[in-house]
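User: Please take a close look at a single part of this structure and at what surrounds it. Before that, I would like to know how the cysteines stand.

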Amino acid sequence: LFFRNPQLLEALLGLLPQGVHRFERKNLIWQGGVTIPYPYQFNAHALPDKVRDACIAGFLDKAAVKGDLDGDFRGWLLNQFGAGFYEHFFGPYNRKLYGVPPQQLEAAPLLWLIPADNEAAIREGATAPPQNPPVTHCFYPRGRRGIHSVAAALQELAQGPIRCGREVVRIEPSRRCVTTADGHQVSYKRLVSSLPLPVLLGLIEGLPPALDSAIERLRAQSVTMLHIGARRSGPALAAHWTYFPDSELPFYRMTRLEQITPDMCPVGASALMLECPGSEEPDRQEVLAQLTRIGALCDPGDVEEYRTLLIPYAYVLFLKGFREVVAAAMDYLDECGIQSTGRYGGWQYLNIERTIESGLQVAGRLTPAGAEPSNALQQLGVR
């Protein structure tokens, strides 16, 4: 967790009974056998000489870039960092992450993710480590429940019944009725959904044909998660997150939970979470061999736990024209008394903080005019 809203952070910390583990986030990039501090563009000094020279030359000669700068992601990256940084990192990493060429994506929804307009830091990092590198102060819930502790804490504030594990199979706006897979029906006046927007639209009975045909334009990149537990912690890449732009590696990011909190892993052992683009599970032996090669594992024989989890809607693909579809969908849903929110319901790229804020904003809008916010909302700073 890393929050910019101090009021919300203070409220959430007060809800976690076991407190939090506090740390300064350390991220790395592994490329072609070389470990580079994050962000890439601030640490060109760590690159092989030929790559470093190409990156800095491209950055200093951005005026020569002949990219499409009309709002697509590739054009923005070229305009910010030049051809060298794009060719060696931003292009291959983002193609690997999203599964489509960056020029097919709109830039605006993604810009908050990337430190930009830092010419002095890029120049300084070309020859030596930055003297004042960016520091992000992070928090992680203590205890064995991990990040689920946040959801559990919010659930404790609820004043109405919460029914988990009931899959919604149909929504009838004409009757203001939701039907679940076990045949249960729930009537509603106003409905809030955090389902992926195309999934929500696919559940609605009587969806207008024009909107029904536009659902296929709402595309997302799926991610296959690999959860790996090993008896020993590998000697290399002792960071919280490590990024992998190289195409031959089946994963693009690795989280080491034993680096984030001591509560999630036995002392001396390792708990790895790998994110692999797409829905196809990579070969297990290949994954373990690559982890051993880069030093995140000591030996494949150390692995005691290996699980996979598919996230079908992990990253929204901000393809050109998506805004019109989302706007039409939100207008229609509003007429049906439905608020679609969150990272997937709002069809946005939100971190945990902004996802929670989106839910609080909807709750605030649903509070009747002149009424006091619920105790739960007040505890979370909504007045």
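Analyst: A disulfide is counted here as a pair of cysteine sulfur atoms within 2.5 Å, and by this rule the count comes to zero disulfides. The model is predicted, so local features need pLDDT of at least 70 and side-chain atom pairs pLDDT 80 or more, whereas totals for chains, interfaces and linings use all residues. Residues are numbered from 1 along each chain as its sequence is written, and side-chain values use heavy atoms, with hydrogens and water left out.

The sulfur of cysteine 177 lies 14 Å from the closest cysteine sulfur, that of cysteine 336, which is too far for a bond. Cysteine 177 is buried, at 3% relative accessibility (buried means under 20% relative accessible area, exposed over 50% and partly exposed in between, with a 1.4 Å probe and protein chains only). Cysteine 55 is likewise buried, with a relative accessible area of 0%.

The part to look at closely is helix H9, residues 284-294 (helices, H or I of at least four residues, and strands, E of at least two, are DSSP runs numbered from the N terminus). Val287, Leu288, Gln290, Leu291 and Ile294 are its buried residues. Seen down the helix axis, these buried residues fall within an arc of 160°, and they therefore line one face of H9 (the arc being that of the directions from the axis to the C-beta atoms). They pack against strands E2 (27-31), E9 (220-230), E11 (253-256), E12 (270-277) and E13 (303-316), where contact means heavy atoms within 4.5 Å.

At the start of H9, a side-chain oxygen of aspartate 283 comes to within 3.2 Å of the backbone nitrogen of glutamine 285. Just after the helix, glycine 295 takes a positive phi of about 90°.

Among the strands that H9 packs against is E12, which has six of its eight residues buried and is therefore largely enclosed by the rest of the structure. E9 and E12 pair in the antiparallel sense over eight bridges (two strands pair if DSSP finds at least two bridges between them), and leucine 226 stands opposite leucine 274 in E12. E11 also runs antiparallel to E12, joined to it by four bridges, and arginine 253 has glutamate 275 in E12 as its bridge partner.

As for the setting, the chain's secondary structure comes to 13 helices and 14 strands, and buried residues make up 48% of its 383 residues. Its C-alpha trace spans about 65 × 50 × 40 Å along the principal axes. Among contacts in the chain between residues at least 6 apart in sequence, 68% join residues at least 24 apart.

Definitions and conventions:
Polar contact = N/O pair within 3.5 Å; in protein donor to acceptor, adjacent residues only side chain to side chain.
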